[in-house]
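Student: I'd like to go through the labels on this structure with you. Could we set each value against its cut-off?

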Amino acid sequence: MDIVTSLRSLIGEKAVLDAADTATRSAGVWRPDNLKAAAIARPASTEDVAKVLRYCHANKVGVVTQGGLTGLVHGGDAEPDQVILSLERMRDIEEINPQQRSATVQAGVTLQALQEAAEEHHLMFPLDLGARGTATLGGNASTNAGGNRVIRYGMMRDMVLGLEAVLADGTVVSSMNHLIKNNAGYDLKQLFIGTEGTLGVITRLVLRLREEAVTRNMAFVGCEDFGHVADFLRHMDRSLGGTLSAFEAMWREFYCLVTSPPAKGKPPIAQDYPLYVLVESQGADRELDTQRFNSALETAFESGLIVDAAISQSESDCEDFWSLRDDVEQTMHGGFPIIFDISLPVAEMDKYTATLRETLSEAIGEHKLWIFGHLGDGNLHVIVQVQPEDHVRLRPVVEEQVYAPLAAFQGSVSAEHGIGLEKKPYLGISRSDTEIALMRTLKAALDPAGTLNPGKVL
């Protein structure tokens with residue numbers, strides 16, 4: 001039997017799509033570049049996933065797991081002789097436990113669906129990112145997603161209490177721990193978080209929830225130089241008594257992009273400052289939190305850390321502020337954006353960005369450069385726009401200018417997007433030969449036939 005017929009015999013006729021099915025498929029999250037596979041298997045349970053992986057392992061067929069297809073490093077790309085394992089049918093929120101403050105979910109549940117389900121119990125799942133409506137929790141875990149509030153709540157890794165995963169040979173590893181503290185032996189879930197489906201396929205998760213924030217205060221501020229931005233970060237973190245939940249920096253070019261037509265956003269403050277910061281505080285006492293937030297801003301203004309500020313007066317203002325930060329789509333107008341996700345020490349960011357401006361101009365000539373990101377946790381997004389016809393030729397040159405200097409700063413070529421195919425050649429900038437050798441040892445031990453997401457990461 002061929003692959004499609006074999007898989008249909010294992011998990012059902014309608015659960016497996018062939019090339020003809022995908023050619024006429026218009027709904028959902030599918031992208032043409034990701035549909036080169038021999039079949040798309042759509043399991044409904046962990047048991048179904050195990051059947052698919054067991055078959056592929058026995059027949060040496062590569063398997064590429066896909067979630068919401070919101071990744072930016074081609075970690076979900078498949079080849080014509082491989083099987084795509086889509087978790088789109090695994091969307092059950094099995095339990096919200098208010099007392100334990102945990103959620104048990106299947107891996108295909110979207111981030112936004114869990115956020116909304118938690119809110120019904122006056123709880124929150126604090127991971128948040130622009131693709132919340134499409135990105136899946138399994139994908140968030142397999143890439144160790146970060147997002148907007150890492151400075152307070154940590155990465156996805158910090159929110160996973162337990163998980164269930166299927167190994168390459170179909171073995172199910174169920175480690176559905178509900179405890180915050182559990183030091184009983186190896187923490188096996190860490191093998192599957194951030195490893196991009198190369199060591200196993202995450203099928204279910206136990207996630208830590210938090211009490212719902214009652215209040216939110218935000219401001220958009222302007223700063224005269226990077227030194228003031230760094231000092232403003234420390235000032236706000238110290239002054240807000242643990243309630244600082246986001247600290248997003250924007251260089252002037254990005255701020256002007258998202259606050260000028262054709263963008264729909266309006267500038268909350270003038271467009272002529274070198275740097276901007278979106279700062280957010282989440283708390284529990286509206287009067288006290290607002291007083292503390294405004295007092296911290298006033299002190300920052302008096303000391304010269306900030307030179308202008310727009311302060312939220314309502315939830316609508318907060319949503320408007322965030323919509324500016326999330327409007328990355330504007331970088332797609334007028335050219336081809338080459339997107340980077342890096343991290344480096346805050347103290348090195350000013351030197352790095354200034355040098356990058358110079359080297360890019362020398363190396364590729366005319367281009368547009370936008371820089372913004374989660375400065376509070378050392379993560380910058382760098383977008384270099386070139387003309388579409390020059391994209392293939394210039395991309396390697398741009399990558400070299402962005403990635404190579406990170407080695408001197410002990411920075412990372414991937415802060416939160418993963419490695420996939422795109423960053424694989426540059427992994428050695430951020431990881432030593434010994435570390436990469438150990439990664440290969442783990443891969444060989446858990447997936448000796450190399451069937452799980454072949455060619456990704458390593």
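Here we talk through compactness, burial and salt bridges.

Tutor: This is a predicted model, so local features need pLDDT of at least 70 and side-chain atom pairs count only at pLDDT 80 or more, while totals for chains, interfaces and linings use all residues. Residues are numbered from 1 along each chain as its sequence is written, and side-chain values use heavy atoms, without hydrogens and water.

Student: What makes the protein as compact as a globular protein of that length?

Tutor: The protein has 14 helices and 18 strands (DSSP runs of H or I, at least four residues, and of E, at least two). Its radius of gyration is 23 Å, close to the 23 Å from the globule rule for 458 residues, so the description fits. That radius is taken over C-alpha atoms, and the rule is 2.2 Å times the number of residues to the power 0.38.

Student: Why is the contact between Lys423 and Asp341 called a salt bridge?

Tutor: The definition asks for a side-chain nitrogen of Lys or Arg within 4 Å of a carboxyl oxygen of Asp or Glu. The closest N and O atoms of Lys423 and Asp341 are 3.8 Å apart, so the pair qualifies. Lys423 lies in the loop between helix H12 and helix H13 and Asp341 in strand S16, so the bridge ties together parts 82 residues apart in sequence.

Student: How do you know whether Lys423 is buried or exposed?

Tutor: Buried means under 20% relative accessible area, exposed over 50%, and partly exposed in between (1.4 Å probe, protein chains only). Lys423 has 1%, so it counts as buried. Asp341, at 0%, is buried too.

Student: And what makes Arg132 partly exposed?

Tutor: Its relative accessibility is 22%, so Arg132 falls in the middle class. Its salt-bridge partner Asp128 has 9% and therefore counts as buried.
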